[in-house]
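Here are my notes on the two ligand sites and one of the helices. Have the model open while you read.

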Amino acid sequence: MEHETLVTEYRSISKKDPLIEIAASEKEEEIMLRKIFVVINVFFLISIIGVSASALTLSEQLGKSIFFDTNLSINNNQSCAACHASESGWTGPDTAINAGGAVYEGSIPGSFGNRKPPSSAYATPSPILHYVIEKKKALFIGGNFWDGRATGEILGSPAAEQALGPFLNPLEQALPSAAEVLTRICASTYASLFTQVCGSGACDPTNVNAAYDCVGLSVSAYEGSSEVNQYSSKYDAFLNGFVALTKEEKQGMNLFKSKGKCANCHTLDPGPNGEPPLFTDFTYANLGVPRNPMNPFYSELAFNPMGFAWIDLGLGGFLASRTDYQPFAAANNGKMKVPTLRNVDKWDLMLGPQIKAYAHNGYFKTLKQIVHFYNTRDAKPSCLNAFTSVEDAMAQGCWPVPEVPVNVNAKELGNLHLTDAQEDAIVAFLKTLSDGFMP
Ligand code: HEC
Ligand code: HEC
């Protein structure tokens with residue numbers, strides 16, 4: 001990371017700075033520290049702006065052009081960014097949608113998928129889907145999507161395989177074929193970049209397979225670039241030693257690691273390739289999240305003949321579709337991939353307060369609600385109606401039954417005995433994870 005090295009260099013210089021050593025009173029020292037923060041801040045800005053303007057490799061640039069190209073959808077109206085907006089932490093940016101079903105409409109009006117978009121940032125370090133045997137059980141790790149079905153087995157990268165899905169998904173960008181995606185790229189303003197990166201024959205119809213794979217690899221290259229995975233949050237600044245957390249944030253971080261048990265899954269250890277903490281260990285768990293009564297998929301009978309009886313089996317549903325993994329399906333029904341918590345509170349500050357949605361079906365609308373759920377899922381009675389909204393559940397002092405009542409994790413969550421103030425402290429800590437921090 002460019003800005004990290006700059007900042008570290010600056011810090012080692014500043015330590016030797018005689019001006020600091022002779023700072024007579026604590027107050028002067030404080031002013032000096034503030035000045036240092038301002039300088040660091042400028043470095044942050046330079047590095048971020050610098051990166052977006054020039055530091056992308058050709059493959060990353062190509063991936064960026066593809067990621068933001070609305071012409072790569074059947075009605076020329078939707079790019080990846082429609083559901084993964086950088087200002088909203090690379091997830092759905094629409095407050096009204098997030099407040100309701102939290103599922104985004106595809107290029108074709110009225111067509112909806114069945115899940116909330118997770119962040120498309122910090123997804124590239126996820127390893128190829130595999131399992132290890134732990135306590136005589138298969139523990140699945142890696143892949144992309146809530147259910148891991150972009151395994152990475154074919155291209156060696158889950159994110160690259162994931163990127164090839166939305167263009168052809170009838171409920172998303174809805175193009176009829178890979179050849180059609182390539183035809184559109186080859187007619188775009190960045191067509192020459194495409195052949196430069198993917199080979200001079202990439203627009204030749206006989207090369208569809210290789211050229212389409214190259215599209216996926218380029219998109220994942222962009223998703224893995226320092227423009228997307230910035231590691232530029234207040235928490236990163238804290239880890240690098242040039243900003244302090246407030247008392248409440250620090251308390252929240254400590255609870256996150258101890259009584260809250262959050263770090264058991266949203267790990268604070270370095271990532272698989274030595275990245276700063278990714279807040280996910282890429283495993284799967286069933287938290288017992290209730291159904292989101294406003295999920296538009298329930299009434300989309302052409303794609304969902306089960307209507308309101310439909311339940312999302314997550315990882316188990318995917319494993320059942322594979323002969324090699326089928327024996328493990330039942331034990332993984334209801335499990336979803338542990339998402340990163342980076343940018344979980346990020347939104348476009350220009351727009352004022354926004355609503356985001358949390359969990360695979362966007363049931364929760366605030367961080368306080370989901371933390372309260374972790375804390376009290378098993379301490380409160382079940383709501384009479386399984387389709388109770390989060391606001392009503394909070395008001396009634398109950399939680400609806402889980403969407404998938406089997407394999408629910410009762411060891412690490414459900415009755416944490418956190419006080420109200422401790423819940424708030426955890427929320428305050430989660431708010432330090434937004435990229436683009438300015439001291
Ligand atoms: C209509 C909304 C929509 C569009 C358009 C869309 N996505 Fe997504 N994206 C989603 C949803 C919903 C999921 C989760 C789906 C699931 O788990 O079944 C998702 C999942 C992902 C993930 C997985 C993250 C993880 O941690 O597993 C990545 C990465 C991603 N999308 C990138 C992209 C890219 C790249 C494009 C463009 C080629 C794109 N998305 C287009 C809605 C969208
Ligand atoms: C047993 C593993 C596990 C533990 C422990 C855990 N989580 Fe999670 N977390 C998950 C999984 C899995 C999901 C997705 C669940 C779903 O969508 O059904 C999730 C989702 C979330 C989300 C929503 C993110 C998004 O983008 O939608 C937040 C916020 C969150 N967890 C915070 C926490 C906090 C705070 C704690 C501690 C109080 C915690 N988690 C403890 C596994 C865990």
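1. A definition to start with: two residues are taken to be in contact if their C-beta atoms, placed from the backbone, lie within 7 Å. Keep in mind that this is a predicted model.

2. With that contact rule in hand, look at helix H10. What covers its buried residues includes helix H4 (58–67), H6, helix H8 (178–186) and helix H9 (191–198).

3. How buried is H10? Mostly covered, with twelve of its 16 residues buried. Among them are Ala211 and Tyr212, then Cys214, Val215 and Gly216, and further along Ala221, Tyr222 and Glu223.

4. The geometry of H10 looks fine to me: residues 208–223 reach 23 Å from first C-alpha to last, close to the 22 Å expected at 1.5 Å a residue.

5. On to ligand 1. There are 27 residues around ligand 1, and Cys80, Cys83, Phe145, Trp146 and Pro166 come nearest. The elements giving two or more residues to this shell are helix H6 (158–163) and helix H7 (165–168). H6 has the largest share, three residues, and H6 also turns up in the cover over H10's buried residues.

6. By residue type, the ligand 1 shell splits into 15 nonpolar, eight polar and four charged.

7. Ligand 2 is surrounded by 26 residues, the closest being Gly260, Cys262, Cys265, Ala359 and His360. Which helix gives the most to this shell? That would be H14 (residues 367–376), with four residues.

8. The ligand 2 shell breaks down as 19 nonpolar, five polar and two charged residues.

Definitions and conventions:
Residues numbered from 1 in each chain as written. Chains lettered and ligands numbered in written order. Predicted model: local features only at pLDDT ≥ 70, side-chain atom pairs only at ≥ 80, totals over all residues. Near = placed C-beta within 6 Å. Nonpolar A, V, L, I, M, F, W, Y, C, P; charged D, E, K, R; others polar. Expected span 1.5 Å × (residues − 1). Buried ≥ 20, exposed ≤ 12 C-beta atoms within 10 Å, placed from the backbone.
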